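Subject: Structure handover

Hello,

Here is the structure you asked for, with the sequence. My notes on the side-chain contacts follow below.

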Amino acid sequence: MSRYRILSIDGGGIRGVLTAILLERLEDQNPGFLKKVDLIAGTSTGGLIALGLASGKTTSEARILYEKHGNKVFSDSLWDNINDLGGLIGANYSIKYLKEVLTAEFGELKLDQLNTRVLISSFDLDNSPNDLGVVRNWKPKFFHNFPGSDSDGQELVVDVALRTAVAPTYFPIYQGYIDGGVVANNPSMCAVAQALHPPTGGQLLEDIVLLSMGTGHSPQFITVQNGDWGFLHWAPYIISVMLEGGAGLADYQCRQLLDKSYLRVNPVLPIPIGMDKVDQIPLLVEIAEMFDINPANEWIREHYLS
């Protein structure tokens, strides 16, 4: 069997540090397994890690980025807070520092110059602003560097990274795009579809093996059994419900399709941790370093390295 190896990485903001450390540990115990990956899919913070790995950066470098720059990426000045009424009429954080960090990392690198195929999710707010006769409509967008007429190979890595990472309310809209998490916070099934697509991946389902990395399952629940809820009731929960629901859907689909050729690694967090909670980085590091990766090691050795 000729195996086609996929690595998929969820969105989750600052919780990406957990994923980076888990991948760092897995690579340490299974040297070279990441170099065998044929396709890396990523959403939001997972898209940043995916692009970094595809450009040749190590998991250790990805970890350092979160620990070194997280506080500044998710920093908000008092003046900005006053100016946007505490986030009511403006994004919580500026995109300036994140763009500076990503530009320093990737420079003028383009998608078709990456070492590995990538699939990065985003959401296009306006598909055809200048095309007469075309109905204007927002739509999902999946950036990839497979060859072909629909390739995004000429896109700058920096631009694609920002287009997948600018979560609504957290960061401003970037070049007409917002965070890929509104499309697929867990891009595993999207990666399978790309791998099966004849003009690009052209793989057989039985050849695909997929490692799906979460950013930690944030425990949340609602005790109401029969509630006549409206917008104000749902507002604090609806985004988390949709993100977790979509991630769970992709997990279910991949399990059903791939069976033992699929593994999901997603530690349950002891408390809910928001994507901008940089004060929880030490806890995320501790969770990632203590998590039992032995089952994942065994799976990797059987499906990636054998």
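A residue is called buried here when its relative accessible area is under 20%, exposed when that area is over 50%, and partly exposed in between. D10, at 4% relative accessibility, therefore counts as buried. Please keep in mind that this is a predicted model.

Salt bridges

D10 is a good place to start, as its side chain forms a salt bridge with that of R264, with an N to O distance of 2.6 Å. D10 sits in the loop between β1 (4–9) and α1 (16–29), while R264 belongs to strand β7 (residues 262–265), so this pair ties together parts that are 254 residues apart in sequence. R264 is buried too, its relative accessible area being 16%.

The count for the model is nine salt bridges. Another of them joins the side chains of E105 and K57, at 3.2 Å from N to O. Here E105 is in helix α5 (residues 96–106) and K57 is in the loop between α2 (45–54) and α3 (59–73), so the parts that are tied together lie 48 residues apart in sequence. Neither partner falls under the buried cut-off: E105 is partly exposed, at 28% relative accessible area, and K57 is partly exposed at 22%. K57 has a further contact, since the residue lies over the face of F106, 5.9 Å from the ring centre. A second lysine placed over a ring is K141, which lies over the face of F143 at 5.1 Å from the ring centre.

R163 and E155 also form a salt bridge, and their closest N and O atoms are 3.0 Å apart. In this pair R163 is buried, at 8% relative accessibility, whereas E155 is partly exposed at 24%. Elsewhere, a network of salt bridges links E24, R63, E67 and E289.

Helix α6

R163 is one of the buried residues of α6, along with V157, D159 and L162 among others. How many of the residues of helix α6 are buried? Nine of the nine are, so the helix (residues 157–165) is largely enclosed by the rest of the structure. The elements covering its buried residues include the strands β2 (39–43), β3 (117–124), β4 (139–144) and β5 (177–179). Helices α2 and α5 are also part of that cover.

Aromatic pairs

Searching the whole structure gives seven aromatic pairs. One is F33 with Y304: the ring centres are 5.7 Å apart and the planes are at 70°, so the pair is edge-to-face. F33 lies in the loop between α1 and β2, and Y304 in the segment after α12 (294–303), so the pair ties together parts that are 271 residues apart in sequence. F33 is buried at 0% relative accessibility, and Y304 is buried with a relative accessible area of 0%.

Y93 and F171 make a tilted aromatic pair, 6.1 Å from centre to centre with 50° between the planes. Y93 is in the loop between α4 (78–83) and α5, and F171 is in the loop between α6 and β5, so parts 78 residues apart in sequence are tied together. Both Y93 and F171 are buried.

Finally, F33 and Y304 belong to a cluster with W299, the three being linked by ring pairs.

Regards

Definitions and conventions
Residues are numbered from 1 along each chain as its sequence is written. This is a predicted model: local features need pLDDT of at least 70, side-chain atom pairs count only at pLDDT 80 or more; totals for chains, interfaces and linings use all residues. Side-chain values use heavy atoms; hydrogens and water are left out. A salt bridge is a side-chain nitrogen of Lys or Arg within 4 Å of a carboxyl oxygen of Asp or Glu. Helices (H or I, at least four residues) and strands (E, at least two) are DSSP runs, numbered from the N terminus. Buried means under 20% relative accessible area, exposed over 50%, partly exposed in between (1.4 Å probe, protein chains only). Contact means heavy atoms within 4.5 Å. Rings of Phe, Tyr and Trp (its six-membered ring) pair if their centres lie within 6.5 Å; planes under 30 degrees apart count as stacked, over 60 as edge-to-face and the rest as tilted. A charge sits over a ring if NZ of Lys or CZ of Arg is within 6 Å of the ring centre and within 35 degrees of the ring normal.
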